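Q: I would like to go through this model with you, one region at a time. Could we begin with the packing of the helices and then turn to some individual residues?
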Amino acid sequence: MAATSLRDCKAWQDVGMALSTTSNEACKLFDATLYQYVTWTNDKTMGGIEGCLQKMKAADPNFVMGHVISNGLDLIGTGRSPLLDKEFERDLKVMSDLAKTQPLTEREKLHVAALETFAKGNLPKAADTWDLILQDHPLDLLAIKLAHDSYFYLGQKTQMRDSISRILPYWTPNTPLSSYVKGMYSFGLLETNFYDQALKVAKEALATDQKDCWSVHTVAHVYEMKADVEEGLSFVKQTENNWKGGDMLACHVYWHWALYFIEKGEYEAAMTLYDEYCAHVLYEREHAGRRGQFISAPRLQMEGVDVDKRWDKLVQVTKKHRDDHILMFNDLHFLMSSLGSKDREMTTQLLQALKELSKSPGENYQHSLIRDSSVSRSLSQALVEFDSGNYDKVVELMQPIRYQILHIGGSDAQRDLFNQVLIHAAINSNKKSHQNLARSLLIERDVLRPNSPLTQRLMRKASAVHTLV
Ligand SMILES: [Fe+2]
């Protein structure tokens, strides 16, 4: 995006989204930050996201929407918790206090309210608030993206799709960044199993901007969900130069690339990709809060692969986020890392903390997922039992909640890890009923994703163990 096209005060007013500041510089830096958030970039030519935020706050320290986008990025990044991080708590209070003393627009007031709600852990209400903004302001890209990301965290696939479909007609091809809105729509279509439509929309978005990492990501998912491994590998290989510069998402696309190799049974190739392109993000930049999903190790271990010291390195990062408890999706991955590295102290602390949080979740939606018999409580215990080889217990814990697993958020491809845990446990269980369940789950998997080499390997394994198929 050219610096000249960044919107000043009047430009924001002209599109019906006036910003309460008299600083043109602050408005432009708000736009530059929004641009980088939506395009998953950290554009050095603009000063990067951090650089833009600093300059924006300097240009107008009282710019409420400036505080909104700054705090919003931290909240949606899930790497900082206002419950633990006093500085972050203070930042949120500054935003709320400023909002009370200024004659803001209704749109701005709703943005502040949405973040206050999100900070309390009430993600469903925050997402509703962003959607409320979109009823009157369908071009509000900050609301679009924050709602989209929140629905992703909530596993609310239909809402993720419909939130975009409602506003899409207002985005003409001439509206800046319209292809990125299409990219978000394609992801909603993908997660609601409209694979062909998702592919079509993502490719339309890529025709406008081939560097659009989110649309690349949709395409990678479609091939993953259809077990179309060769098409997927060909696509990521051929387009690598387009998306590898996508600072915030490229490593996740490499993770998808590694998934194709795991699907094919080419484990060394998967680990090489992980080591070269994913690990540095986890170890050096410590983005474990947001990127716990990159962990490929449990999938590899279930396939009988030795992942060597990777868990030990990973747990050093996840340990720093042990007390965050922002998303149960993250916590479950942190638990996998403590189990994988045999860090009993961290495992015990995590389980104990989850138990405590479940006693009084208040309006924190994520904490409500760990009440007795709830999805996260069952999954966390199932992971512990799986690690101990108590496969009967794993099946007993996971089978009743398998259709609720989507509530922990993430994508179908990410949550497939839990499907695999259940299948492996059912195969290895001594109970006949569990062995029959394994057969049923594998038939179901084969129908959904025909010709999956991974499913075929599991079927062979089940057959060898129990002569099931
Ligand atoms: Fe993904």
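Q: At what angle do helix 19 and helix 20 cross, and within what distance do their axes come?
A: The model is a predicted one. In it, helix 19 (residues 328–340) and helix 20 (residues 344–359) cross at roughly 155 degrees, and their axes come within 8 Å. Since angles over 145 degrees count as roughly antiparallel, helix 19 is roughly antiparallel to helix 20.

Q: Is that crossing left-handed or right-handed?
A: The crossing of helix 19 and helix 20 is left-handed.

Q: Which residues meet there?
A: Helix 19 contributes Asp331, Phe334, Leu335, Ser338 and Leu339, which meet Met346, Thr347, Leu350 and Leu354 of helix 20. By type, the residues of this contact are six nonpolar, two polar and one charged.

Q: What sits in the loop between helix 19 and helix 20?
A: Lys342 is found in that loop. Lys342 is not a glycine, yet its phi is positive, at about 60 degrees.

Q: Buried or exposed, Lys342?
A: Lys342 counts as exposed, because it has 12 C-beta neighbours inside 10 Å.

Q: Which residue in the loop between helix 10 and helix 11 should I look at?
A: Asn193 has its place in the loop between helix 10 (178–191) and helix 11 (195–208). Asn193 has a positive phi of about 70 degrees, although it is not a glycine. With 12 C-beta neighbours inside 10 Å, Asn193 counts as exposed.

Q: Back to helix pairs. How do helix 12 and helix 13 pack?
A: Helix 12 (residues 213–225) packs with helix 13 (residues 229–243) at an angle of about 170 degrees, and the axes are 9 Å apart. Helix 12 is therefore roughly antiparallel to helix 13.

Q: Which residues make that contact?
A: On helix 12 they are Cys213, Val216, Val219, Ala220, Tyr223 and Glu224, and on helix 13 they are Glu231, Gly232, Phe235, Val236, Thr239 and Trp243. This contact divides into eight nonpolar, two polar and two charged residues.

Q: Next, helix 7. What is its span from first C-alpha to last?
A: Helix 7 (residues 123–136) has 14 residues and reaches 21 Å from its first C-alpha to its last, close to the 20 Å expected at 1.5 Å a residue.

Q: Which of its residues are buried, in helix 7?
A: The buried residues of helix 7 are Leu123, Ala126, Ala127, Thr129, Trp130, Asp131, Ile133 and Leu134. The buried residues pack against helix 6 (106–119), helix 8 (141–154), helix 9 (157–165) and helix 21 (365–368).

Q: Where is His367, and what does it contact?
A: His367 has its place in helix 21. Leaving aside neighbours within four places in sequence, His367 is in contact with Gly121, His325, Leu357, Ser358 and Pro361. His367 counts as buried, because it has 21 C-beta neighbours inside 10 Å.

Q: How far apart are His367 and Leu354?
A: His367 and Leu354 are 13 residues apart in sequence and 7.9 Å apart in space, C-alpha to C-alpha. Leu354 is also one of the helix 20 residues that meet helix 19.

Q: And His434, where does that lie?
A: His434 lies in helix 25 (residues 432–448). With 21 other C-beta atoms within 10 Å, His434 is buried. Leaving aside neighbours within four places in sequence, His434 is in contact with Asp392, Val395, Ala426 and Ser429.

Conventions
Residues numbered from 1 in each chain as written. Predicted model: local features only at pLDDT ≥ 70, side-chain atom pairs only at ≥ 80, totals over all residues. Axes fitted to C-alpha atoms, helices over the stretch in contact; angles between N-to-C directions. Helix = DSSP H or I, 4+ residues; strand = E, 2+ residues; numbered from the N terminus. Parallel < 35°, antiparallel > 145°, perpendicular 65-115°, else oblique. Contact = placed C-beta atoms within 7 Å. Nonpolar A, V, L, I, M, F, W, Y, C, P; charged D, E, K, R; others polar. Left-handed = near helix turned anticlockwise from the far one by under 90°. Expected span 1.5 Å × (residues − 1). Buried ≥ 20, exposed ≤ 12 C-beta atoms within 10 Å, placed from the backbone.
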